[in-house]
Amino acid sequence: MANMDISLKEMMAIDGAVGAAVVDYNSGMALGTLGGSKELDLQVAAAGNTEVVKSKLRTMDSLGLKDAIEDILISLSSQYHIIRPITGRGGKGLFLYLALDRARANLAMARHNLKAIEDKLDI
């Protein structure tokens, strides 16, 4: 089992990574961050993407969908943003957030690596 600091470093080792965070979507607070820039404020991204997760969960509830979110992908012209709710023990209410430079990232591999990181993460 990996701790949060190791998991954040592994997230930033993914090709094209520009910022990573572990976020509590009940509060909107980032529990840990690595990377980012003045253009990518990870604290602001954590709070904003919390609303994305909450909205999707409300929509699924309204539709009566009894399923779990694997990940949410937001494609921008120059970046990919991946939101992956943590499903393991102790992870309820948390998600991994990874921002990628679209020109340097392999989206399929990033999703695969993020799942592996989630599986090892021990909160």
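These legends go with a set of views of one predicted model.

**View 1. The whole chain, with 3 helices and 5 strands.** Follow the protein chain along its sequence and the elements come up as α-β-β-α-β-β-β-α. Along the principal axes, the C-alpha atoms fill a box of roughly 40 × 35 × 25 Å. The radius of gyration is 14 Å, and that agrees with a compact globule, because one with 123 residues would come out near 14 Å.

**View 2. Surface and interior of the protein chain.** How much of the chain counts as buried? The share is 41% of the 123 residues. The accessible surface adds up to about 6800 Å², and carbon and sulfur atoms hold 52% of that. As for how the chain meets itself, take the contacts between residues at least 6 apart in sequence: 54% of them join residues at least 24 apart.

**View 3. The largest pocket, with about 260 Å³ of space.** A set of 14 residues lines this pocket, and Y25, P85, I86, T87 and K92 are the ones that lie nearest its centre. What is the lining made of, in terms of nonpolar, polar and charged residues? The split is 8 nonpolar, 4 polar and 2 charged.

**View 4. I86, one of the residues nearest the centre of the largest pocket.** I86 belongs to the loop that runs between β4 (79-85) and β5 (94-101). Although I86 is part of the pocket lining, it counts as buried, because its relative accessibility is 9% and the limit for buried is under 20%. Look for E118 in this view too: it is 32 residues away from I86 in sequence, yet the two C-alpha atoms are 6.4 Å apart in space.

**View 5. V53 in helix α2.** Is V53 buried or exposed? V53 counts as buried, since its relative accessibility is 1%. Setting aside neighbours within four places in sequence, the residues in contact with V53 are Y25, I72, I83 and F95. Y25 is also in the pocket view, as one of the lining residues nearest the centre. For a distance to check, try V53 and D71: they are 18 residues apart in sequence, with 9.6 Å from C-alpha to C-alpha.

**View 6. S27, in the loop between β1 (17-24) and β2 (29-35).** With a relative accessibility of 46%, S27 falls in the partly exposed class, because that class sits between the 20% and 50% limits. L94 is 67 residues from S27 along the chain, and their C-alpha atoms are separated by 9.8 Å.

**View 7. K66, in the loop between α2 (42-63) and β3 (72-75).** K66 counts as exposed, because its relative accessibility is 76% and the class begins over 50%. Which distance goes with this residue? The C-alpha atoms of K66 and M29 are separated by 27 Å, with their positions 37 residues apart along the chain.

Definitions and conventions: Residues are numbered from 1 along each chain as its sequence is written. This is a predicted model: local features need pLDDT of at least 70, side-chain atom pairs count only at pLDDT 80 or more; totals for chains, interfaces and linings use all residues. Side-chain values use heavy atoms; hydrogens and water are left out. On a 1 Å grid over the protein atoms alone, a cavity is a set of points where a 1.4 Å probe fits but cannot get out, and a pocket is an open set with protein on both sides within 12 Å along at least five of seven lines; lining residues have an atom within 4 Å of a point. Grid points are joined across faces, edges and corners, and a volume is the space filled by probe spheres set on the points. Ala, Val, Leu, Ile, Met, Phe, Trp, Tyr, Cys and Pro count as nonpolar, Asp, Glu, Lys and Arg as charged, and the others, Gly among them, as polar. Helices (H or I, at least four residues) and strands (E, at least two) are DSSP runs, numbered from the N terminus. The radius of gyration is taken over C-alpha atoms; the globule rule is 2.2 Å times the number of residues to the power 0.38. Buried means under 20% relative accessible area, exposed over 50%, partly exposed in between (1.4 Å probe, protein chains only). Contact means heavy atoms within 4.5 Å. Accessible areas come from the Shrake-Rupley method with a 1.4 Å probe; for residues, only the protein chains shown count as cover.
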